[in-house]
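User: Could you take a close look at how strands pair here, and at what lies around that part? I would enjoy one connected account rather than a list.

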Amino acid sequence: MRLLNTSTIQVEEFLGNEIPEYVILSHTWEEEEVSLQDMQSPGAMKKKGYTKIKKCCEKAATDGFSYCWIDTCCIDKTSSAELSEAINSMYKWYQNSRICYAYLADFEASSDSLIENYRSFTESRWWTRGWTLQELVSPTVVEFYSASWVEIGTKLSLHEQITEITGIDEGVLCGADPLRRNVAVRMSWASRRKTSRIEDRAYCLMGLFRVNMPLLYGEGNRAFIRLQEEIMRVREDYTLFTWSPDIVPGYSDPHISKGLLADSPSDF
């Protein structure tokens, strides 16, 4: 596992039980994100995404942590094997973090004006992305920050608002094990979320159902079918079949599944 040293802002690699305590960043990808390869050259500081990395490291250091993890620059995405391992490990990495900083790049407000800007808060892209679902659910502590890194609140202090926005029940937000909720309930949490790639609608949910499977970009909707097949192998939960096709009135799609398994989380 690679981690960023919060003092030097340099990437370091750790193996097995040698992994130190770390905080982790949850965010939406914006323009000019900094990759692992970028971090190995002076050009990293010229990219827009470097400011986010620097601010995250500064916040982590202030909180007393020497290391943090950020997906953009701590994974070698040029290696398909490493990318597959990282995505299969992602839920655990967020779960094992001491704090998860949820950075809402498109929300700006001071800590005492959340109610005044509540609509803007609920409309942040962070709430609609597929990957940020597990990043909200799996860590014990999630702290929310505005675009200017002003703390808005925590998963615990904002649990009522988060339930209203996401549909995730307050019990889970307050510490109950999300893996104890039935399959259909967990699928419903992802039903209104989006991913840039079709396959990621399935891949971003693997940790939430405690399953592992290889990544096959290019397989399209088949990825979500494979996810459901893996869920059936590890858990006998018939709520997996309590879905209905996500059909737009007056529109007929010949590719809609007519079998037992859904085509998309939106079917739940």
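Analyst: Happy to! Two strands are said to pair if DSSP finds at least two bridges between them. The strands themselves (E, at least two residues) and the helices (H or I, at least four residues) are DSSP runs, numbered from the N terminus. Please keep in mind that this is a predicted model, in which local features need pLDDT of at least 70 and side-chain atom pairs count only at pLDDT 80 or more, while totals for chains, interfaces and linings use all residues. Residues are numbered from 1 along each chain as its sequence is written, and side-chain values use heavy atoms, leaving out hydrogens and water.

Let's begin with the E6 end of the story. E6 and E7 pair in the antiparallel sense over three bridges, and one partnership across them links phenylalanine 144 to glycine 153 in E7. Five residues lie between these two strands in their hairpin, where tryptophan 149 takes a positive phi near 60 degrees. With E5, E6 pairs in the parallel sense, over four bridges; here cysteine 100 has valine 142 of E6 as its bridge partner. Strands of a sheet pair through backbone hydrogen bonds, either parallel or antiparallel.

E6 is covered on both faces: Val142 and Phe144 are buried on one side, and Glu143 and Tyr145 are buried on the other. Buried means under 20% relative accessible area, exposed means over 50%, and partly exposed is in between (1.4 Å probe, protein chains only).

Stepping back, the whole open sheet has seven strands in the order E2-E1-E4-E3-E5-E6-E7, with mixed pairing. Strand E2 (11-13) and strand E7 (151-154) are its edges, each pairing on one side only. On average, neighbouring strands of this sheet are turned by 35 degrees against each other, direction ignored. For such angles, axes are lines fitted to C-alpha atoms, for helices over the stretch in contact, and the values run from 0 to 180 degrees between N-to-C directions.

Helix H2 (residues 49-62) packs on this sheet, touching strand E1 (2-5), E3, E4, strand E5 (100-103) and strand E6 (142-145); contact here means heavy atoms within 4.5 Å. The direction of H2 makes about 140 degrees with that of E5. Elsewhere in the sheet, strand E3 (residues 23-26) and strand E4 (residues 67-69) run parallel and are joined by two bridges, with isoleucine 24 partnered by tryptophan 69 in E4.

Phe144 also leads us to the aromatic residues: together with Phe107, Tyr118, Phe121, Trp126 and Trp127, Phe144 forms one aromatic cluster. Rings of Phe, Tyr and Trp (its six-membered ring) pair if their centres lie within 6.5 Å, with planes under 30 degrees apart counting as stacked, over 60 as edge-to-face and the rest as tilted. By this rule there are 16 aromatic pairs. For tyrosine 118 and phenylalanine 121, the ring centres are 6.3 Å apart and the planes lie at 35 degrees, so this pair is tilted. Both residues belong to helix H5 (residues 118-122), three residues apart, about one turn of the helix. Their surroundings differ in exposure: tyrosine 118 is partly exposed at a relative accessible area of 21%, whereas phenylalanine 121 is buried at 0%.

Follow the chain into the loop between H5 and helix H6 (131-137) and you will find arginine 125, which is partly exposed, with a relative accessible area of 33%. Setting aside residues up to four places away in sequence, arginine 125 touches Thr28, Trp29, Glu30 and Asp106. Its side chain makes a polar contact of 3.3 Å with the side chain of glutamate 30. A polar contact is a pair of N or O atoms within 3.5 Å; within protein, one must be able to donate a hydrogen and the other to accept it, and residues adjacent in sequence count only if both atoms are side-chain atoms. To tie this loop back to the E7 edge, the C-alpha atoms of arginine 125 and glycine 153 are separated by 18 Å, the two residues being 28 residues apart along the chain.
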